Amino acid sequence: MTSFDTSPQLNVWRALLALAVVFVMLATTGWTALRHHRTAPPLQASLSAWEHGSIAGHRLPAATSSPTRLARFFTSLTEAQRTDLVHRYSLAVGNMNGAPVELRYRANRVALAEAREVERKRMYDKKLTPDGQREAGRRMHRFESMMQADRRILAFDPEGSGRAAEVFGDLAEAERISVVVPGVDTDLLTFQRSSRKYSAPVGMAQSLYAAEREASPSTRTAVIAWADYTTPSGLGIDSATAMRAADGAVRLDALVRGLPGRSPVSLFCHSYGSVLCGIAAPTLPGRVADIAVAGSPGMRVSKAANLRTSAHVWAMRDADDWVQDVPYLEVGGLGHGEDPVSSVFGARVLSAREAKGHGGYFEPGTDSVANFAEIGVGAYHSVRCADDAGACRAGLSDTASAGRA
């Protein structure tokens, strides 16, 4: 991970809190540079084509229709018609909340193949610098990896640094669904890693899925590695404010509302991802049973009750996590508020023993991922609290949790 996720450059953070008002003013008064695209980004182009498209002589429903409306539309089609839409509007279908998940997987495989060919050509584009050509090669290989037959890509957008979401398990049949929401410096190239595997979204989700299956082999679970928002880059103005988190919260809400079935959903929000989950909390649907944060710089509220959610709110922090030294305050939109593991915040505080610092909460064998897994399967009586009194389990039962769908 980059500086915000691995290096305690807290002096820089404090300087940002003191000076960021200036940058916010510049950004909001038009002084910052904006990128202007000569052509529509691929996803937007696909959505635009969908809006003007038709099938069997009938106009297609608006891509912004409710997930229920879109689900009914796709159910009404023949298999040949669905396949036709997958190939004509691959990115639109692949990112459409309400489309059948298996159809989204197929559509995103088509979109990935198209994006791979774009990057393959860019590898030899003389107009690019050598570094640009090498980055094109890395993106091409990443897309190729994501196209593998055993991977279930639920969302994909190649624009800019890119966004993606991947499913582990059978999402359509899951009795419990977990969503991993990562922090800064997450994009298509950092979506998964071979080195420090469990600090990247794919590794986080794989570890959680394995731990959930171990915790309750009879429970059908699915875990989503959700990197489908534009995260801040490193320790900078974006990570000190909620701008990226607010945009991501809208996307997270749309994801949850578009999930199939009525199974309870648990959110596991790491680092800046917890800022996003805090902002999203009040508007998320009631099927969200749990919001668990790890290594959080704050959730933009002074206490858990202010999240205005019926979900259980959990928090953990490893003793060696440098984020504990970040100033837990919010002034003029800068900073993210109270420390979620503090007694005044009021979350259910979990053990994070052996979590290996800020980036290690999903490492196999740690209390942190074991606790996440117990929450994910609804086994609240089995979680390990940060204290010896078991305060984090007070008032909870597994039977009650199972009925929150």
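The following questions and answers concern the disulfides and the overall make-up of a predicted model.

The model is predicted, so local features need pLDDT of at least 70 and side-chain atom pairs count only at pLDDT 80 or more, while totals for chains, interfaces and linings use all residues. Residues are numbered from 1 along each chain as its sequence is written, and side-chain values use heavy atoms, with hydrogens and water left out.

Q: Why is the link of C269 and C277 called a disulfide?
A: A disulfide is a pair of cysteine sulfur atoms within 2.5 Å. The sulfur atoms of C269 and C277 are 2.1 Å apart, and therefore the pair meets the definition. The link is left-handed, with -90 degrees about the S-S bond.

Q: What makes C269 and C277 count as buried?
A: Buried means under 20% relative accessible area, exposed over 50%, and partly exposed in between, with a 1.4 Å probe and protein chains only. C269 has a relative accessible area of 1% and is therefore buried. C277, at 0%, is likewise buried.

Q: How do you know that C385 and C392 form a disulfide?
A: Their sulfur atoms are 2.0 Å apart, so the pair satisfies the rule. This link is left-handed, with -85 degrees about the S-S bond. C385 and C392 are both buried.

Q: How many disulfides are there by this rule, and which pattern do they follow?
A: The count comes to two. With bonded cysteines counted along the chain, the pattern is 1-2, 3-4.

Q: What part of the chain is made up of buried residues?
A: Buried residues make up 54% of the 405 residues.
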